[in-house]
Structures are given as structure tokens and as C-alpha cells.
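Here is a set of short questions about how structural words are earned. Each answer sets a value against its rule.

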Amino acid sequence: MKRSLTLENMIVTGLLVGAIFGFILQRGRFCVTGAFRDVFVSKSTWWLGAFITAIAVQAVGIALLNSLGVIDLSVAVSPFAPFGTIAGGFIFGFGAVLAGGCATGTYYRAAEGLIGSWFALIFYALFASIFKFGPFAETTRFVRGWGITEHATITDSLGVSPWVLVTLLVAAVGVWAYKNLTKPKLPMAQLPPEKSGLAHLLFEKRWNPYFTAILIGLVAILAFPLSWATGREGGLGITTPSAKLTTFLTTGDFTMIDWGVMLIMGIMVGSFIAAKGSGEFKLRVPDAKTIVRAIFGGMLMGWGAAWAGGCTIGNGLVETAMFSWQGWVSLIAMILGTGAAAKIFIMPRKKKTPVASTKNAPEPQLTH
């Protein structure tokens, strides 16, 4: 009876949290790789600031849950293997640019009907499975076990309470958010709304990145106790669940199905609902070059995330909120990998784009 209830909770809560998460991602247009890329391409930290805000919100929540004994972060945090974390993070960030988005960005864009994202998602999940449970699993185990440090978290290394770093992070994010949100913005022309009330707010109104970030942080907090209740001691995660789902589909091994697998299935459902409701769902077939890049990018993402121990969500959002070395070091590595790929594939193309005459042209509008 208890096992049945656990299975029921896993299915219901995993799908529900995933659907809410996917809906927020799609409506907020929240792609972490885009946030990293903007730092190099447009010299903007608007979206990066929003992403760090999501980390700060989650950090407060899970520190409180840990203090109350609801969860045990010492169990959830990953050990720090410097080489795997740095190399894997860089490879993931590089591949995400080719794939056209990070792990969650690829999921919600696939649900919008972008065929290129379908290819990226398939090969991301496939190579995550290969490097975690398949032919290259032993290589990953070696990399993940090589040079593990004594302390897994920054708090342990410094010998301070987690609340010290939580307070510092919240203060820094508060200043960052204030500067971004109070910058003067030029008015943007908007079409009159076609919907009203809740439908307008959910499916039509443009969502502020910081509002989206707060919602993501709250969902990330909720994920911990709900996942914990099913025996999965962790929060949001994309790479391992994707690898497990692929392994289940190819082997029929039901032990691979857990709360995280239900989560990613829910992300697709929630993103699809958001895309249909907002009129943004449309099957779009890219050219052959884009498809090849998406496939190669997905392969690199799966490989990199396996070596790093997580993607932009597992490492960049969740491990950072636990102040693990793996989380913050891989976050930096992913940003650098994204920057390297942007310099190779995006910035040269941007420079070659012909610039129209600015004589008598209207003032440029700021968009985020």
C-alpha cells in the first residue's frame, strides 16, 4: 500500500511540478544559455541577473527547509571533482549554443514545434544516457571520481553557516535587480490585447524576466520536499531524468522511472499548453545546416552535463543554491563555454550583417 502511494505521489506531483515549470519557462521565454550568450554578444546582464535571482530565491527556501529538517542538503549536494566539473561545464555551454538553447530551453522550444529543438533534445537525452548508463559510463565514473576535494560546499570550506552566504547572495542580487529594473526604458509599441482577465495575464501579457525568475525559484523550492517524499533526494533536474527516460525507452527497465522522469514529461506538457494558449505553437522546419548543428550541439550537451554532474538546471540553478563547489564552478565553466561558441558562431555573423542607414531613423527600443 505504501509503495502504491509513493508511486501515485511520484506520478502526480512530478507531472504537476513539471507542467507548472514548463508553463513558466515557455511564457517567460526563460533560456539560461540565452542569458549567458547575451553577456558576450550584447554586453547585457539583464537575463543573467534574473537567473541569479532565481538561485537566490531558491537558496532562501531550501536553507529554511534544511533548518527545519524537511530535507537534508548534505545528502543532496554533489561531491566536487574539479576536472569533470570544469571540462563538462565548458562542453555543455559550447554545445548549448549550437543546439539553440540550454536543457530546459530545448524542452520548451521542442514543445513549441521547433523541429531543430526536437533533434537537439533527442541527441542530448541519448548522449546523456550513453555517458551515464551506456558504453561511456565507466569514463564518466572515472572523470566524476578523479580528484574529488575534501569539501563539497563553499560553506564547509569557509566553515560558516549557510545563512551567511544566503544573506550575501540575496543582498547582491537585490542590488543587481534594482539597477536593472530601474534603468530607463524607451516605450515600446504594443498591439491592443485580444484577451482579458486571467487569460490575458497567462497567455498574452509579456512576462518580466525577474517575475519569471521568482516563480522559477519558488517551483525549485517546492520540488525538493515533493521529490524527497518519493525517495528521490534532490530537487529540479533535467539531465539524469532525460538519460533515465531514454534508457527506459530502449531497455524497458522500469527502475529508471522516478520523480525526475515525471518532471521532464510534465515540462513538455506545460510548455505545450503555454505555447498553444499563447498562439506560439507552430511546426517550424529549419535548414539542413541548423539541424546538423542542433544534433551536434545536443550530443555535446549530453556529454558535458554527464561529466559536469548536471546542466544549467541541476548545476546552474540547484547546486548553486546549495552553495556547492560543483554548482558555482560549473556555472562559470558553462558561461565560458557559451562565450567561446558565441565568438565562433554568432559574433562573426553579427559583424557581417549589413547595417542600414541611421539617418532620420527612430530611436532604438530596448527589449529583453
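Q: Which residues of α16 are buried?
A: They are Gly314, Asn315, Gly316, Leu317, Val318, Glu319, Thr320 and Ala321. Buried means under 20% relative accessible area; exposed means over 50%, and partly exposed lies in between (1.4 Å probe, protein chains only). Helices, like strands, are DSSP runs numbered from the N terminus: H or I for at least four residues, and E for at least two in a strand.

Q: How do you know how far helix α16 is enclosed by the rest of the structure?
A: Count its buried residues. Helix α16 spans residues 314-321, and eight of the eight are buried, so the helix is largely enclosed.

Q: What covers the buried residues of α16?
A: The cover includes α3 (46-67), α4 (73-76), α12 (209-228), α15 (288-308) and α17 (325-345). Contact here means heavy atoms within 4.5 Å.

Q: What kind of model is this, and how are its residues and side chains treated?
A: This is a predicted model: local features need pLDDT of at least 70, side-chain atom pairs count only at pLDDT 80 or more, and totals for chains, interfaces and linings use all residues. Residues are numbered from 1 along each chain as its sequence is written, and side-chain values use heavy atoms, leaving out hydrogens and water.

Q: What makes the phi of Phe323 worth a look?
A: Most residues other than glycine have a negative phi. Phe323 is not a glycine, yet its phi is positive, near 55°. Phe323 comes just after α16, in the loop between α16 and α17.

Q: Why is Phe323 called buried?
A: Its relative accessible area is 5%. The limit for buried is under 20%, so Phe323 counts as buried.

Q: Where is Lys43, and is it buried or exposed?
A: Lys43 sits in the loop between α2 (32-41) and α3. Its relative accessible area is 63%, over the 50% limit, so Lys43 is exposed. Lys43 also has a positive phi of about 55°, although it is not a glycine.

Q: Why is the pair of Phe83 and Trp307 called tilted?
A: A search of the whole structure finds 17 aromatic pairs. Phe83 and Trp307 form one of them, at 6.2 Å centre to centre with 50° between the planes. Rings of Phe, Tyr and Trp (its six-membered ring) pair if their centres lie within 6.5 Å; planes under 30 degrees apart count as stacked, over 60 as edge-to-face and the rest as tilted. The angle of 50° falls in the rest, so the pair is tilted.

Q: What does the pair of Phe83 and Trp307 tie together?
A: Phe83 lies in helix α5 (residues 82-99) and Trp307 in helix α15, so the pair ties together parts that are 224 residues apart in sequence.

Q: How do the two partners, Phe83 and Trp307, rate for accessibility?
A: Phe83 has 41% relative accessibility, so it counts as partly exposed. Trp307 has 12%, so it is buried.

Q: Why is the pair of Phe142 and Trp146 called stacked?
A: The centres are 5.9 Å apart and the planes 20° apart. The limits are 6.5 Å for pairing and under 30 degrees for stacking, so the pair is stacked. Phe142, at 55%, counts as exposed. Trp146, at 45%, is partly exposed.

Q: Which residues form one aromatic cluster?
A: Phe83, Phe131, Phe136, Phe142, Trp146, Trp303 and Trp307 do.

Q: Why is Gly105 called buried?
A: Gly105 has 0% relative accessibility, so it counts as buried. Its place is in helix α6 (residues 103-111). The C-alpha atoms of Gly105 and Thr312 are 9.9 Å apart, with their places 207 residues apart along the chain.

Q: What does Phe123 touch?
A: Phe123 touches Ile295, Gly298 and Met299, not counting residues up to four places away in sequence. Phe123 lies in helix α7 (residues 115-132). At 23% it is partly exposed.

Q: How do you know that the radius of gyration agrees with a compact globule?
A: The rule is 2.2 Å times the number of residues to the power 0.38, over C-alpha atoms. For 368 residues, that gives a value near 21 Å; the protein has 20 Å, which agrees.
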